[in-house]
Amino acid sequence: MAPPVAGRTRRKNLSPLARQVLLYALFLLPAVFDLVEAWMGWLGPRPYRECLHDFGRYAFRFLLISLMVTPLRRFAGINLIVYRRPLGLLAFTYAALHITLYLTWARSFDPALVWKDFTTRPFLTFGLLAFVILCVLAATSTRKSIMRLGRRWAPLHKTVYLAMVLACIHYSIAFKVWHVEPFIYAGIAAVVLAVRFVPKAQKTRPTSQ
Ligand code: HEM
């Protein structure tokens with residue numbers, strides 16, 4: 001049998017950047033499908049309301065999943081660190097779409113209506129604060145920003161915990177009637193945030209005999 005040709009047998013792994021772009025593009029598809037369905041009139045009588053709600057839920061879930069990357073590596077040895085950035089960017093993108101639909105479809109870009117909403121519906125204030133944090137984190141997620149911010153980058157990106165808490169509050173009080181789902185998610189978020197405070201085990205040096 002002929003020996004395997006090196007070039008043919010070598011596994012062609014995708015570069016980390018290619019994997020990040022692929023993940024991001026793949027998980028943007030639900031947004032595309034939703035908008036197409038809304039456009040075609042397949043989402044019921046209030047299609048853009050469905051999209052607004054779907055995008056809010058996606059933003060929340062991607063934020064939560066992005067926060068699971070570190071505990072998964074630490075406690076289960078599963079290293080998905082390369083996907084953390086696209087997951088965070090997906091949370092930001094879905095939140096931006098969610099808010100765009102609110103401003104356009106729900107409030108017709110009427111500043112008076114938006115102002116009235118923000119001053120009378122506290123859940124929107126929590127959502128806005130969460131979104132401001134997501135904007136800052138998305139803007140500083142590039143390699144260039146990491147270099148420029150140096151040691152300040154890590155503490156800045158820890159504000160994602162605060163964004164998660166604010167998003168939980170926004171989600172939990174968004175509805176006029178109580179829903180159990182936001183509280184289940186808030187419970188999961190609490191666990192995901194709390195495990196970060198579990199102290200790391202001290203590495204013991206082998207004693208020479
Ligand atoms: C300026 C910022 C934001 C505005 C104006 C906004 C607006 C809204 C509105 C109008 C609703 C629907 C409430 C209802 O029908 O009674 C909603 C629900 C929701 N929002 Fe936001 N939101 C903002 C930020 C965010 C962010 C940053 C996230 C997540 C990271 C988020 C996640 C959600 C979720 C999960 C729901 C519930 C969707 C459902 O289950 O139906 N929102 N938001």
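1. Start with D54 and R57: both sit in helix 4, three residues apart, or about one turn of the helix. In this predicted model, the two form a salt bridge, with 2.7 Å between the closest N and O atoms. D54 counts as buried at 19% relative accessibility, whereas R57 is partly exposed at 28%. The cut-off for buried is under 20%, so please read the label on D54 with its 19% in mind.

2. Helix 4 also supplies R61, whose side chain meets that of E181 in a salt bridge (4.0 Å, N to O). R61 lies in helix 4 and E181 in helix 11 (residues 181–194), so this pair ties together parts that are 120 residues apart in sequence. R61 is partly exposed, with a relative accessible area of 29%, and E181 counts as partly exposed too, at 36%. A salt bridge here needs the nitrogen within 4 Å of the carboxyl oxygen, so keep the 4.0 Å for R61 and E181 in view when you look at this pair.

3. Next, have a look at D117 in helix 6 (residues 111–120). D117 forms a salt bridge with R121, the closest N and O atoms being 3.9 Å apart. R107 belongs to the picture as well: R107, D117 and R121 are linked in a network of salt bridges. In the whole model, the count of salt bridges comes to four.

4. D117 has another partner. Its side chain makes a polar contact with the side chain of Y102, at 2.7 Å. As for cover, D117 is buried, with a relative accessible area of 8%, while R121 is partly exposed at 27%.

5. Now for the surface charge. R73, R74, R84, K158 and K200 form a positive surface patch. One of these, R73, has its place in helix 4 (residues 47–76). R73 is partly exposed, with a relative accessible area of 41%. Patch members need over 30% relative accessible area, so R73 clears that bar with its 41%.

6. There's a nonpolar patch on the surface too, formed by L26, F27, L29, V32, F33, V36, W39, M40 and W42. Together these residues have about 990 Å² of accessible area. Helix 3 (residues 29–40) gives the most to the patch, with six residues. L26, also a member, lies in helix 2 (residues 16–26).

7. L28 isn't listed among the residues of that patch. Its place is in the loop between helix 2 and helix 3, and it is partly exposed, with a relative accessible area of 22%. The patch rule asks for over 30%, so L28 falls short at 22%. Across the fold, the C-alpha atoms of L28 and Y94 are separated by 8.4 Å, although the two residues are 66 apart along the chain.

8. A96 is worth a look for a similar reading across the chain. A96 is found in helix 5 (residues 84–106) and is partly exposed, with a relative accessible area of 23%. Its C-alpha atom is separated by 9.4 Å from that of L134, 38 residues apart along the chain.

9. Last point: S172, in helix 10 (residues 159–172). A polar atom of the S172 side chain lies 2.7 Å from the backbone oxygen of C168. At 12% relative accessibility, S172 counts as buried.

Methods: Residues numbered from 1 in each chain as written. Predicted model: local features only at pLDDT ≥ 70, side-chain atom pairs only at ≥ 80, totals over all residues. Heavy atoms only, no water. Patch = residues over 30% accessible without salt bridge, like charges linked within 9 Å, V, L, I, M, F, W, Y side chains within 5 Å. Areas by Shrake-Rupley, 256 points an atom, 1.4 Å probe, with all protein chains shown as cover. Lys, Arg positive; Asp, Glu negative; His and termini not counted. Charge placed at Lys NZ, Arg CZ, Asp CG, Glu CD. Helix = DSSP H or I, 4+ residues; strand = E, 2+ residues; numbered from the N terminus. Buried < 20%, exposed > 50% of the residue type's maximum accessible area, 1.4 Å probe, protein only. Polar contact = N/O pair within 3.5 Å; in protein donor to acceptor, adjacent residues only side chain to side chain.
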